[in-house]
Amino acid sequence: MNPFPPEVVAQIAAHMNGDHADDNVLIVRALGGIPQATAARMSGLDADGMEFAAIVDGIEVPVRIPFPERLTERRQVRAEAVRMYREACTTLGIDPRP
């Protein structure tokens with residue numbers, strides 16, 4: 001069962017895509033195995049992972065990044081997104097924002 005109803009997923013996606021569009025690209029490049037992505041938007045979420053639509057050579061490519069453990073509460077999503085961003089920065093050799 002997905003603990004995140006569609007309206008919650010839509011709110012989280014709106015936040016990620018509105019406030020963290022550049023972070024989405026870093027996450028997809030480093031953790032999604034799509035280093036050539038030029039843009040990415042969060043397109044979905046469930047207890048086991050986050051989904052993105054990445055742009056590669058002008059074509060939209062689906063990318064799913066699994067969580068290390070199953071999430072059960074909305075507050076865990078923020079912590080996981082921050083962890084993913086920081087891991088992506090480390091992988092790409094970029095200093096994360098404070």
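A charge is taken to sit over a ring if NZ of Lys or CZ of Arg is within 6 Å of the ring centre and within 35 degrees of the ring normal. In this predicted model, Arg 97 lies over the face of Tyr 85, at 4.6 Å from the ring centre. The points below take up that ring and then the packing of helix α3 (residues 74-92) with helix α1 (residues 6-19) and with helix α2 (residues 21-31).

**Aromatic rings**
- The structure holds 0 aromatic pairs, while Tyr 85 has Arg 97 over its face.
- Tyr 85 is also among the residues of α3 that meet α2.

**α1 against α3**
- The axes of α1 and α3 lie 12 Å apart and form an angle of about 25 degrees, which makes α1 roughly parallel to α3, and their crossing is right-handed.
- On the α1 side the contact involves Val 8, Gln 11, Ile 12 and Met 16, which meet Arg 74, Val 77 and Ala 81 of α3.
- By class, this contact of α1 with α3 comprises 5 nonpolar, 1 polar and 1 charged residues.

**α2 against α3**
- Helix α2 packs on α3 at an angle of about 60 degrees, with the two axes 8 Å apart, and the crossing is left-handed.
- From α2, Asp 23, Leu 26, Ile 27, Arg 29, Ala 30 and Leu 31 take part, and they meet residues of α3 including Ala 81, Met 84, Glu 87 and Leu 92.
- The residues of the contact of α2 with α3 fall into 10 nonpolar, 1 polar and 3 charged.

Notes:
Residues are numbered from 1 along each chain as its sequence is written. This is a predicted model: local features need pLDDT of at least 70, side-chain atom pairs count only at pLDDT 80 or more; totals for chains, interfaces and linings use all residues. Side-chain values use heavy atoms; hydrogens and water are left out. Axes are lines fitted to C-alpha atoms, for helices over the stretch in contact, and angles run from 0 to 180 degrees between N-to-C directions. Helices (H or I, at least four residues) and strands (E, at least two) are DSSP runs, numbered from the N terminus. Angles under 35 degrees count as roughly parallel, over 145 as roughly antiparallel, 65 to 115 as roughly perpendicular and the rest as oblique. A crossing is left-handed if the near helix is turned anticlockwise from the far one by less than a right angle, and right-handed if clockwise. Contact means heavy atoms within 4.5 Å. Ala, Val, Leu, Ile, Met, Phe, Trp, Tyr, Cys and Pro count as nonpolar, Asp, Glu, Lys and Arg as charged, and the others, Gly among them, as polar. Rings of Phe, Tyr and Trp (its six-membered ring) pair if their centres lie within 6.5 Å; planes under 30 degrees apart count as stacked, over 60 as edge-to-face and the rest as tilted.
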